[in-house]
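Please read the following account with the sequence and the coordinates side by side, moving from single backbone positions to strands, sheets and helices.

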Amino acid sequence: MRALWLLPLALLGSCASPAPDKTRLVIQRFFGACEAEYGRATDIAKAEGECGIVTTMINRFQAENPDVDVVENVVFWPGYDQLTAQLAANDAPDLVTMHGSVISDYQARGLLEPLDADLAAIGAPPASFTTAARTAVTVDGRAWGLPIDTWAPLWHINMNLFRKAGLVRGGKPVLPRSPEELYAQAQQFRERTGKPYLVQGAANEYAGFTRNFYTFVMQQNGTLFRNGRATFATPEGRNALQLFKTIYDRDFTTKNQDYSAAVAGFLKGDGGVFLVGTWMVGTFDAESRKTSGALANGGYTVMPYPKLFAREATFADGHVWVMPRSNHRRPGERAAAIRFLKFFAGHAKHWARTGHLPAFQAIIDSPEWRALPHRDNLAILATTAQPLPKQVRRQFPIETIVGTEAASAISGAKPIDRTLSDMERRVNEVLENL
Amino acid sequence: MTRSRLAVALVVLAAVLMLVPLLWVLALSLKANGELMVDTASVFNGRFTLENYRNLFGNGAVFRWIGNSLIVSLGMTVGVLILASLAGYGFARLEFRGRDALFVIVLLGLAVPEQAVIIARHQMFSWLGMHNTYQALILPGLSAPFGVFLMTQYFRAIPKDIDEAALLDGASRFTIFWKLLLPLTIPAQATLGIFTFLSAWNDYWWPLISATNKDMFTLTVGIASTQMNFAQTEGLGFLMAQAVFAGAPMLIVYLFFQKYIVQAVAGAAGR
Amino acid sequence: MSARRDWRGVLFVAPYLTVFVVMLVVPLAMGMWLSTTKSDLFGTERWVGLANFVRLFGDAIFLQTVGNTFTFVLLTGPFLTLAGLGLALVLNRPERWAAVLRTIFFASTVLSVTVVTLVWRLVFLPDGGLLGVTAEALGGTPIAFLNNEKLAMPAIAVTTIWWCIGLPMVLFLAALQQVPRDLYEAAALDNASRWTTLTRITLPAIRRTFFLVIIIEVILQFQLFGQAQLMTLGGPNNATRPIVLFIYEAGWRQWELGYAAAAAQVLFAMILVAAMLQYRLSSRRAA
């Protein structure tokens, strides 16, 4: 019986080690696993979805670079617990997907490698990125990764219901240009269709609230953060929360749906506009090509958040390939990583089919991209999509705090002014203890 | 000992309530993801498919994950049974200096939450360069005081005359332990075995931060990594298939051990 | 009763104690030191003494998590113990149907927390969830349990009970098996009623296990994490945020490892006090 306990130790000795001659490249990413469908696929043009496209890209890179042993590590979104643990154990991958909003945290601790020289060498200098993508990877004037995409929350519109509500003109949806117009149009929508104007995943989910809050404060030219501290208790903050509180109070939105229920709800025609991000464009577009269902027969379009206040702006974030610092990365391995980045940049236009916005301005300007469904409407986001400034660290936990508090205000659990001051206080506590 | 019909009826009713979510998991696992994304109630329309299970086995990594989980869970179970039985006997039956104080210290260990030690453990294994090994996954679990607590209680409950009789016959302490008392604790061993195996099998956080290379993923970590998005919208059926698949070995282990827990009432050896 | 003082007894406990010290005591001490520093996972910035603890006790969110955790333990601990005992008493028989029922009650425990919370979220969903649909069929309005500040914690408690009932049941079953048969035979000879047998023989005989189960359940449920994280993210408005979620967010999301470690020490102290109180109670009863 005791021998059984020695079994694990024996197994350790027999663990396989990689072939010593091949250069090993460890690429770590989220986006899920789709082995069954794309395990061996290399045709990037035929792949669908985030998982499919990135898997085929990596497979194709491996096929075209037989001297590199590519190890693809798929992790549960967003993978930061693992990455942090790996960095602490000095065992980080060579390339990893990271949100733009999180880069400054890792960069400030010296955990990432700057890539300016490499990006220039592979023909993808920061000047070739969109404004939003460039902002996402630049800290202190240097570039810390290759942007993959920019994603933003969007207004996904059920055109069939909009038509019924009389909110379509010239084949385009009529969108409000101020909060008052929004209330009026929402009222009209409800009267003519019997459904709420908005579909929102409001339960067990806080990011949506944060994105809405940030977006509408930005639209009012409000300042969210000043000198590394949060400034939420402002008239702009108030207006942003009041907007959604009014929508909630007047039943212009679905309630109590979690993310999955909201997706299902929109697909079933629960409301006119679904507030969710770029990643759903493909799914909804596919539904609109069917002949049955709420979005059938082309009953879908998507627009950026309408300009309800002073200027057009939408809060955005994005995905980036970054290279964690490592003491024992050999030059050959580093070179292989850069080779992959070059390959990815070269095939970046395929990533656009996920619905996310391309990171390269050239792709945005290309007719090929514009021809993709609904992308014409979204082109403006290349300039109006706005991430938070890089000086703001701990953006993920801040997002949770802002979202939870905003949710309380909107549902009426807490008065708006107290919410804003609580939000500010809690976020500043995080920022003070960096 | 007879039991009232009412109690049994209540238990059966409770069992039905317990069963409903379980059956639902099974039903969801047999539905196409696309259908479920539009409407989870589509599980009632009777169109079932095995595509989720097919996709599961299409991912070759699943077998690697199961292999890792099996090694870790079995290793930890065997290790805990050995260490806890030895220590339980020592604390229950043998007198040595500091025994009671040591036992109290072990008991205090029961109160230590995983959060208070997980980071330090991670650092220790980092210093030794031992992450991504089976040892790193097994060793922390061996320190859990629950097993020692349980076995000590069981050994204490065994009447001492058995020991006395054997001692008079000149048997060594170890022989008494190995030949006489250990067999009498089989229900406790089976219980401890089941729960150690279960806690190792379903452990998530420690394998997440220690076994970060995909070759070392355990089943829980591996399954989590396949989810396309954090809200599990797109692959609900697939996720349920994975859940059924992950839970099945545990259920088999339970079925195997539970007959040791409840031995036949009729004709059982009295103690 | 001759008890030999024999140092060789140490040999029996030594293997376990070695692992115990290395894997539990040392990390615990390291964690205690960590709680007096300002650190993140990549290094320690400076020593801050008790500042983290002072900050904790002024942190309204932390204090709320303490209250939430207590509430949760009170909602689940006693119920799990008593229900587990009841099930074990009824199902402690060799018939096939009892074995089937035992398996049903255990089956939920084999599922991982991800799946359990996913299924129960679907149960509690007001819009098309199991309870919502049932309520509508019966003519009522569905309640949004997980969005309701007062009902979210009980909902999580129900989920947890469904998930965890297997452990106490199996522990009690094993204990019932150890009750000597002759006691029952003697009681039968005396024509003792079912109730008398239960209260005078069975329950006293498994008294040790009863207190073990209560202590274990309290310790386990104090460490509530997955269900709250996955079902409500600690909301709405922090109503269901338990201490462990607070520790996780402080350490892994806000990168304030020292602060998180301090909260972990507070949790440890709370569990210790609770467990010791119970142990005191149980030894008093046993005496």
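In this predicted model, the loop between strand S4 (138–139) and strand S5 (142–143) of chain A holds Asp140(A), a residue other than glycine whose phi is nevertheless positive, near 50°. Most residues other than glycine have a negative phi, and most peptide bonds are trans. Asp140(A) counts as exposed because 11 other C-beta atoms lie within 10 Å, where the limit for that class is 12 or fewer.

A second positive phi, of about 80°, belongs to Phe31(A), which is not a glycine either. Phe31(A) also sits in a loop, the one between strand S1 (23–29) and helix H2 (35–38) of chain A. Is Phe31(A) buried or exposed? Phe31(A) has 24 C-beta neighbours inside 10 Å and therefore counts as buried, since the class begins at 20 or more.

The backbone of chain A offers a further point to inspect in the loop between strand S2 (68–74) and helix H4 (80–88), where Pro78(A) is found. The peptide bond that leads from Trp77(A) to Pro78(A) is cis, with omega near -10°.

From the loops we can turn to the strands. Strand S16 of chain A, residues 317–322, is mostly covered, with six of its six residues buried. In a regular strand the side chains alternate between the two faces of the sheet. In S16(A), Asp317(A), His319(A) and Trp321(A) point one way, while Gly318(A), Val320(A) and Val322(A) point the other way, and all of these residues are buried.

Which strands pair with S16(A)? One is strand S3 (residues 95–99) of chain A, which pairs with S16(A) in the antiparallel sense over four bridges, and here Val96(A) stands opposite Val322(A). Another is strand S6 (residues 146–151) of chain A, which runs antiparallel to S16(A) and is joined to it by five bridges, with Thr150(A) standing opposite Gly318(A).

Chain A also contains an open sheet of four strands, in the order S10-S13-S7-S14, whose pairing is mixed. Its edge strands are S10 (198–199) and S14 (300–304) of chain A, each of which pairs on one side only. At the S10(A) edge, the pairing with strand S13 (residues 273–277) of chain A is parallel and extends over two bridges, and within it Val199(A) has Phe274(A) of S13(A) as its bridge partner.

Helix H14 of chain A, which runs through residues 331–346, has 16 residues and reaches 23 Å from its first C-alpha to its last, close to the 22 Å expected at 1.5 Å a residue. Its buried residues are Ala336(A), Ala337(A), Phe340(A), Leu341(A) and Phe344(A). Seen down the axis of H14(A), these buried residues fall within an arc of 145°, so they line one face of the helix. An α-helix has 3.6 residues a turn, so residues three or four places apart point the same way. The face of H14(A) turned away from the buried side carries the exposed residues Pro331(A) and Gly346(A).

Chain B has 14 helices and zero strands. Its C-alpha atoms fill a box of roughly 75 × 60 × 30 Å along the principal axes, and 52% of its 271 residues count as buried. Among the contacts in chain B with a separation of 6 or more, 77% are between residues 24 or more positions apart.

Terms used: Residues numbered from 1 in each chain as written. Chains lettered and ligands numbered in written order. Predicted model: local features only at pLDDT ≥ 70, side-chain atom pairs only at ≥ 80, totals over all residues. Pairing = 2+ DSSP bridges. Expected span 1.5 Å × (residues − 1). Arc of directions from axis to C-beta. Contact = placed C-beta atoms within 7 Å.
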